[in-house]
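Colleague: Please take a close look at the ligand site with me, and then follow the chain from there into its surroundings. I would like one connected account, with cut-offs, please.

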Amino acid sequence: MCETGTVTLTTPRLTLRRFTLDDAPAMYASWTSDPKVTTYLSWSPHPSVQHTRALLAGWIAEYADPTVYRWGIELASSGDLIGSIDARNSDPAIDLKEIGYCLGSRWWGRGYMTEALRSVITYLLDRVGVNRVEAAHDPRNPASGRVMAKAGMRYEGTLRAAHRNSQGLGDSMIWSTLRGELLPSEPPSGGAGSDAPATVRLATPDDLDAVTELRLAFTGRFGTLDAEQRAAVAADTADHLPDRLRGGDLVVALAEVDDRPAAVAWLDLGLRFLGRTVGPIGTLFNVWTEPDHRGRGLSRQVVRACLVEARRRGVRRVDLRATAQAQPMYARLGFRPTVYPAMRLDLTD
Ligand SMILES: CC(C)(COP(=O)(O)OP(=O)(O)OC[C@H]1O[C@@H](n2cnc3c(N)ncnc32)[C@H](O)[C@@H]1OP(=O)(O)O)[C@@H](O)C(=O)NCCC(=O)NCCS
């Protein structure tokens, strides 16, 4: 790891920056005195601003340590200090950091913490070289789990009676992101359709419905499918997708806008080895963006997510077949035409 300490990060709506002692009144007013915030935390609301100031003094002294990451979350529009996010409990043996956060209740439900968490995860994995980012929440605090899910983390399991908070003993639901799973995200590139931000992530067996919906749209792209055909596609997806995702020889990347499926790409890693020198080869297929979301780079993002995962798994080459119309998009990702309509990307470059 290459520890940098707490440096300023910016997101579309937020500035994540170091705390200063002058922040005590805003921090006290915004969240350290707010009993709603501490319901599932291990500390109680601060009785006075002096209490907050004393805590801050300790935090500020710790900034000298480059392994300390603790940001104040400021609204870019108003400069209001609305919460905090930190990475702690590092384990250098496995390049681990654990993230915690809180936000004044006045600002809940507007996606601010998801935005902050995504930015911190990206920073830790990309810049600091952390391999595993972890976060945990009490099952009675589902909003926090939702933030972790929306930030692209994967749920791993629940430890029973594993922490104590203001409610007493609590279970801990554990989520993580590993470095290779870092999904690229690009700002919308304009064009038709909604400008809402897209979340791009790898599908799990739980995404069967979303993936089936997009596969039906893809399969019906040349004409409407009748009920029997739709049932056959749905049944085939249900029969194979969850098992193949679990088995690891299929990767599916999903883009969602407003939590609705918007684009998909499938990468078949069906163990086509061409001997030891070439290594495993992937085949990309079923790449599809819903018509309402075209023109903003979602297909490219889901394909890129598949490629990131392919690289992580040691895949050496990815093949696909694409129409002349679609080939420029793949060319932008580094694919080279071979014999039309085939294209190939060598991941060992
Ligand atoms: C958890 C917390 C950080 C969320 O911040 P936030 O900015 O409101 O989060 P976001 O707006 O990005 O996302 C919250 C999500 O939780 C959902 N949510 C809220 N209450 C929920 C509930 N009771 N059950 C299920 N989901 C809930 C929201 O609908 C939203 O999801 P959506 O975008 O799909 O609708 C904030 O509530 C907080 O600071 N709580 C107190 C401190 C805390 O619990 N910290 C985490 C300890 S692990």
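Modeller: Happy to: here is the ligand site, followed by the sheet behind one of its elements and the chain as a whole. This is a predicted model, so local features are used only at pLDDT of at least 70 and side-chain atom pairs only at pLDDT 80 or more, while totals for chains, interfaces and linings take in all residues. Numbering runs from 1 along each chain as its sequence is written.

The ligand is surrounded by 21 residues, where a residue is near a molecule or strand if its C-beta atom, placed from the backbone, lies within 6 Å of it. The closest are Trp108, Met113, Thr114, Ala143 and Arg146. Elements giving two or more residues to this shell are β5 (96-103), α4 (112-128) and α5 (142-150); helices here are DSSP runs of H or I with at least four residues and strands are runs of E with at least two, numbered from the N terminus. The largest share, five residues, belongs to α5. By class, the shell holds 12 nonpolar, six polar and three charged residues (nonpolar: Ala, Val, Leu, Ile, Met, Phe, Trp, Tyr, Cys and Pro; charged: Asp, Glu, Lys and Arg; polar: the others, Gly among them).

β5 leads us into the sheet. It belongs to an open sheet of eight strands with mixed pairing, in the order β1-β2-β3-β4-β5-β6-β8-β7; two strands pair if DSSP finds at least two bridges between them. At the edges stand β1 (9-10) and β7 (154-165), each with a single partner strand, so one side of each has no neighbour in the sheet. β5 and β4 (residues 81-91) pair in the antiparallel sense over seven bridges, and Ala87 has Ile99 in β5 as its bridge partner. Helix α1 (residues 24-32) packs on the sheet and touches β4 and β5, its direction making about 85° with that of β4. Contact requires C-beta atoms, placed from the backbone, within 7 Å; axes are lines fitted to C-alpha atoms, for helices over the stretch in contact, with angles from 0 to 180 degrees between N-to-C directions.

The loop between β4 and β5 contains Asp95, whose phi is near 50°, a positive value in a residue other than glycine. For context, most residues other than glycine have a negative phi.

Stepping back, the protein chain has 10 helices and 15 strands, and its C-alpha trace spans about 70 × 45 × 40 Å along its principal axes.

How values were computed: Two residues are in contact if their C-beta atoms, placed from the backbone, lie within 7 Å.
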